Amino acid sequence: MSSYHPDEQVTLLQKKPGDEVPTIRLTISLKEAADRVATAPAASFERLSSVILREGEPIQDIAEIDRIHARFS
(Lines give C-alpha, C1' and ligand atoms only; values in the text may rest on other atoms or scores of the structure.)
Protein backbone atom coordinates (compact mmCIF):
# COMPACT_ATOMS: atom_id res chain seq x y z
CA MET A 1 0.00 0.00 0.00
CA SER A 2 1.27 3.44 -0.86
CA SER A 3 2.14 5.94 1.81
CA TYR A 4 -1.10 7.68 2.77
CA HIS A 5 -1.60 10.64 5.07
CA PRO A 6 -5.05 11.17 6.66
CA ASP A 7 -5.04 14.95 6.07
CA GLU A 8 -4.00 14.67 2.41
CA GLN A 9 -6.50 16.49 0.20
CA VAL A 10 -8.23 14.31 -2.40
CA THR A 11 -11.27 14.56 -4.62
CA LEU A 12 -14.20 12.25 -3.96
CA LEU A 13 -16.31 11.59 -7.05
CA GLN A 14 -19.72 10.00 -6.70
CA LYS A 15 -22.61 9.27 -9.03
CA LYS A 16 -26.27 9.53 -8.22
CA PRO A 17 -28.50 6.64 -9.32
CA GLY A 18 -29.25 7.01 -13.01
CA ASP A 19 -26.26 9.26 -13.79
CA GLU A 20 -23.74 8.19 -16.39
CA VAL A 21 -20.89 10.26 -14.94
CA PRO A 22 -20.08 11.44 -11.41
CA THR A 23 -22.13 14.50 -10.47
CA ILE A 24 -20.90 14.90 -6.90
CA ARG A 25 -17.37 16.23 -6.52
CA LEU A 26 -15.92 17.00 -3.09
CA THR A 27 -12.41 18.09 -2.12
CA ILE A 28 -11.87 16.60 1.34
CA SER A 29 -9.23 14.79 3.38
CA LEU A 30 -8.30 11.24 2.45
CA LYS A 31 -9.48 10.10 5.88
CA GLU A 32 -12.94 11.63 5.37
CA ALA A 33 -13.25 10.30 1.81
CA ALA A 34 -12.29 6.76 2.87
CA ASP A 35 -14.67 6.99 5.83
CA ARG A 36 -17.61 8.06 3.63
CA VAL A 37 -17.08 5.18 1.21
CA ALA A 38 -16.12 2.46 3.71
CA THR A 39 -19.03 3.14 6.08
CA ALA A 40 -21.70 3.24 3.37
CA PRO A 41 -23.92 0.13 3.28
CA ALA A 42 -22.18 -2.81 1.58
CA ALA A 43 -24.05 -2.95 -1.73
CA SER A 44 -25.14 0.68 -1.80
CA PHE A 45 -24.87 2.78 -4.92
CA GLU A 46 -22.85 5.32 -2.91
CA ARG A 47 -20.22 2.72 -1.98
CA LEU A 48 -20.00 1.08 -5.39
CA SER A 49 -19.98 4.27 -7.49
CA SER A 50 -17.39 6.24 -5.51
CA VAL A 51 -13.91 7.05 -6.77
CA ILE A 52 -11.20 8.82 -4.77
CA LEU A 53 -8.82 10.85 -6.92
CA ARG A 54 -5.41 11.14 -5.30
CA GLU A 55 -2.92 13.24 -7.24
CA GLY A 56 -4.97 12.52 -10.36
CA GLU A 57 -4.86 8.75 -9.86
CA PRO A 58 -8.14 6.96 -9.10
CA ILE A 59 -8.62 4.73 -6.07
CA GLN A 60 -11.82 2.83 -6.77
CA ASP A 61 -11.08 -0.66 -5.52
CA ILE A 62 -13.37 -1.13 -2.51
CA ALA A 63 -10.84 -3.40 -0.76
CA GLU A 64 -8.15 -0.71 -1.07
CA ILE A 65 -10.51 1.97 0.26
CA ASP A 66 -11.41 -0.35 3.18
CA ARG A 67 -7.68 -0.83 3.95
CA ILE A 68 -7.12 2.95 3.93
CA HIS A 69 -10.13 3.42 6.20
CA ALA A 70 -8.92 0.75 8.63
CA ARG A 71 -5.49 2.36 8.77
CA PHE A 72 -6.95 5.71 9.85
CA SER A 73 -9.62 4.36 12.22
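This passage describes how two helices of a predicted model pack against each other, and then turns to several single residues.

The pairing of helix α1, which spans residues 30-38, with helix α3, which spans residues 62-72, is taken up at the outset, and the axes of these two helices come within 9 Å and cross at roughly 120 degrees. That angle makes α1 oblique to α3, and the crossing in which α1 passes α3 is left-handed. On the side of α1, the residues that take part in the contact are L30, K31, A34, D35, V37 and A38, and these meet I62, I65, D66, I68, H69 and F72 of α3. By character, the residues of this contact divide into eight that are nonpolar, one that is polar and three that are charged.

Within α1, the buried residues are L30, A33, A34, V37 and A38. When the helix is viewed down its axis, the buried residues of α1 fall within an arc of 120 degrees, so they line one face of the helix. An α-helix has 3.6 residues a turn, so residues three or four places apart point the same way. The cover over the buried residues of α1 is provided by several elements, including the strands β1, β2 (24-29) and β3 as well as the helices α2 (45-49) and α3.

In α3, burial applies to E64, I65, I68, H69 and F72. Seen down the axis of α3, these buried residues lie within an arc of 140 degrees, and they therefore line one face of that helix. The elements against which the buried residues of α3 pack are α1, β3 (51-54) and β4 (57-59).

Two residues of α3 may be considered individually. I68, which is found in helix α3, has a relative accessibility of 0% and therefore counts as buried. The C-alpha atom of I68 is separated by 9.5 Å from that of H5, although the two residues are 63 residues apart along the chain. H69, which also lies in helix α3, has a relative accessibility of 18%, and because buried means under 20% relative accessible area, H69 counts as buried. When residues up to four places away in sequence are not counted, H69 touches A34, D35, A38 and T39; of these, A34, D35 and A38 are among the residues of α1 that meet α3. Between the C-alpha atoms of H69 and K16, which are 53 residues apart along the chain, the separation is 22 Å.

Outside the two helices, T11 is found in strand β1, which covers residues 9-14, and this strand is one of the elements that cover the buried residues of α1. T11 is itself buried, with a relative accessible area of 14%. Once its neighbours within four places in sequence are left aside, T11 is in contact with R25, L26, T27, V51, I52 and L53. Among these partners, R25, L26 and T27 fall within the residue range of β2 (24-29), while V51, I52 and L53 fall within that of β3 (51-54).

A contrasting setting is given by E55, which lies in the loop between β3 and β4. At 70% relative accessibility, E55 counts as exposed. The backbone of E55 has a phi near 55 degrees, a positive value in a residue other than glycine. Most residues other than glycine have a negative phi.

Note on methods
Residues are numbered from 1 along each chain as its sequence is written. This is a predicted model: local features need pLDDT of at least 70, side-chain atom pairs count only at pLDDT 80 or more; totals for chains, interfaces and linings use all residues. Side-chain values use heavy atoms; hydrogens and water are left out. Axes are lines fitted to C-alpha atoms, for helices over the stretch in contact, and angles run from 0 to 180 degrees between N-to-C directions. Helices (H or I, at least four residues) and strands (E, at least two) are DSSP runs, numbered from the N terminus. Angles under 35 degrees count as roughly parallel, over 145 as roughly antiparallel, 65 to 115 as roughly perpendicular and the rest as oblique. A crossing is left-handed if the near helix is turned anticlockwise from the far one by less than a right angle, and right-handed if clockwise. Contact means heavy atoms within 4.5 Å. Ala, Val, Leu, Ile, Met, Phe, Trp, Tyr, Cys and Pro count as nonpolar, Asp, Glu, Lys and Arg as charged, and the others, Gly among them, as polar. Buried means under 20% relative accessible area, exposed over 50%, partly exposed in between (1.4 Å probe, protein chains only). The arc is that of the directions from the helix axis to the C-beta atoms.
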